[in-house]
Amino acid sequence: MSTTPDSRTALRICPLCEATCGLTLTIEGTRVAQARGDRDDVFSKGFICPKGASFGAADGDPDRLRTPLVRKDGELREATWEEAFDAVAAGLRPVAERHGPHAVGVVLGNPNVHTMAGALYPTVLLAGLGTRSLFTASTVDQMPKHVSSGLLFGDANAIPVPDLDRTDHLLLIGANPLESNGSLCTAPDFPGKLKALRARGGTLTVIDPRRTRTARLADRHVAIRPGTDALLLAAMAHVLFEEGLTDLGELTPLVQGLDELAAAVSDFTPEAAAGACDVDASDIRALARELAAAPTAAVYGRIGSCTVPHGTLASWLVDVLNILTGNLDRPGGALFPQAATDRTPRPAGPGHGFRLGRWHSRVSRHPEAKGELPIAALAEEIDTATEEGEPIRALVVVAANPVLSTPDGDRLDKALGSLDFMVSVDPYLNETSRHAHVVLPPPPPSQSPHHDFAFNTLAVRNQVRYTPAAVPLEPGRMAETEILARLVLAATGMHGADPSAVDTLVIDQTLGKAVKEAHSPVHGRDPRELAGRLTGASGPERRLDMMLRLGPYGDGFGARPDGLTLAGLLDRPHGIDLGPLRPRLPQPLKTRSGLVELLPPPLADDLPRLRDALRRRPDGLVLVGRRHLRSNNSWMHNIPALTGGTNRCTLHIHPDDAGRLGVVDGAPVRVKGAGGEVVAPAEVTDTVRRGVVSLPHGWGHDRPGTRLGHAAVEPGVNVNQLLDGSLLDPLSGTAVLNGVPIEVAPAGTTL
């Protein structure tokens, strides 16, 4: 790669998807001119996808906001940072004081887990506000996995991931990692890992109603009817019991409820499930037998199996199959990663367990899950009065665009316009942030440091990496960490205090607790002395240093001289490899029994609803979503290099369905659901099974008042407008986005 005389290179971990690939950036002045894969990165080893290659274009998007916006006389106008935070303090505190803490809602979007700021400050904000009105992207994509893990293992964040590099048999259900790059399974070059599995003689099975790029790579593709994933998995578990194929191996003394589980799945025979799933009983039996016969195997389920009426049951059954075949917590199976910033591992033993429904939403009485309420209920929590407390009157939105990403965006759009106050932390004026009274824009990613707190807890190999900002912060910009620290202060009655006070508070509280824990490497020591030993050029770096030192590989503030510190990590700019995943049970278990609880009561109580589904045979069209490699939800449509080609908002429909309905390839079609209707171009293709149509999510950039110039040229349609938000997985509160009944007709005809 050629460089100009005034250019230089810098390393950066890509924040544009969950793969967390290492990048080498070519920087000319303060502009990122080019991005390529970092061949020396200990994790990604040079792999890069189109999103990473377009890092410079995303970083330098001219539509990114450069200064805060404050609403004056009904119009958003540029303002100073001081004016912006004055407005935040004046807008939020009176609402909380007059109407109570729960009248202030917080919405956290997916990009939060892709930044250091998003990992370090929202929990402090929530604690300071004292609100239970928390809504996040988790209830549109992954909450079922958190709930099932919480019930099985006692910890909602104890999520086992497939050991991709060593498994002999991988079964994917509702996952398309060749397009998504992986989800709740952090794996650079997922495509290469699947090809390596095939090359070493392993087997890849994909269960998906679409013949995706991943399905085309598979040894076996099962085109299941959308929404019936839990039925198929339960039938596979039935076969394992019926045919004596269960073998828990070393897990046996760590598991309780095996006999109860066998009885619970006794009704889910392959013959009973076949009609509902539209999968032959013989194929279901073959799937179970192949899984049991493999030397090592892993079952992995994602969005397609989560965003359905039985998403939590499907997520639970994924791990049940791994347990019944002895593949949980063993090399080549599904293991629990160990991130460098995890808390100091405590001794194995019973914990506090995991509870659902500690409080409920005000209008529809949805139970909380993992401290969150369903984001599909956000609109009604704003626009509906009840006797159960105050509606949400103020909203803090951090890196979220729920008008596009949640059901019935039209209703939410109107509800946001009725708020007393709203502040949005967002680099764009988009479909959601256009309603804000204050918009606080973070700098582009090249001007921010990066460490993956969340994704390293889901990584297929233990490693640790940190990249400082590749480009100095521009004059007039404010670091995202400082923005969120100041937001915490403004929202909690400490407006005007030094933002470093937030980091100091967290450090003091964390070290004060650590010195009291008997299993901590700093037990009995002076927390002030420990704080004085922290290094780092900023509060966030000092917090990272603290977490590394206290973590499972850390130096324990000198107790383990060869352990991790921030200084040591800075000396290894391409990262430190911590080795392959290792068996960790029983240490991660936090259930009250200290065991894996195979059939917790909430799951057992939901099984009758799944039995009822055995008798259902939908006869109309159903809708599923679609992911594009060159986009990530609604983030990427303003980047010219990442739009066009296959990244288009079209309705995929099978030729037989198209012929029956009079739909012509390329012609506009009307699609109608319970929440409304949209018009999109038809794309007739046999990659989607009969009876199923597919629209991608994240589109619909046609609302006034936004500043997304390129996205508005070809706005597409908002698939979530077809949903009215009434369909939820009851255990997790996750919106049902797949397997939803819809109607389709050529544009101009009546539905």
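**Close-ups of aromatic rings in a predicted model**

**View 1. W81 and F85, about one helical turn apart.** Helix α3 (residues 81–99) holds both W81 and F85, and because they are four residues apart there, about one helical turn separates them. This is a predicted model, and a search through the whole structure turns up three aromatic pairs. In the pair made by W81 and F85, the ring centres are 6.2 Å apart and the planes meet at 25 degrees, so we call this one stacked. As for exposure, W81 and F85 are both buried.

**View 2. F153 and F336, an edge-to-face pair.** Here the two rings sit 5.2 Å apart, centre to centre, with 85 degrees between the planes. What parts of the chain does this pair link? They are distant ones: F153 belongs to helix α6 (residues 143–153), while F336 is in the loop between β14 (334–335) and α16 (378–383), and the two positions lie 183 residues apart in numbering. F153 has a relative accessible area of 0%, so it counts as buried. F336 comes in at 3%, so F336 is buried too.

**View 3. R543 over the ring of Y121.** Now for a charge on a ring. The charged end of R543 is placed over Y121, 5.0 Å from the centre of the ring.

**View 4. R64 over the face of Y428.** Another arginine and tyrosine: R64 lies over the ring face of Y428, and the distance to the ring centre is 6.0 Å.

How values were computed:
Residues numbered from 1 in each chain as written. Predicted model: local features only at pLDDT ≥ 70, side-chain atom pairs only at ≥ 80, totals over all residues. Heavy atoms only, no water. Phe/Tyr/Trp six-rings, centres within 6.5 Å; stacked < 30°, edge-to-face > 60°. Buried < 20%, exposed > 50% of the residue type's maximum accessible area, 1.4 Å probe, protein only. Lys NZ or Arg CZ within 6 Å of the ring centre and 35° of its normal.
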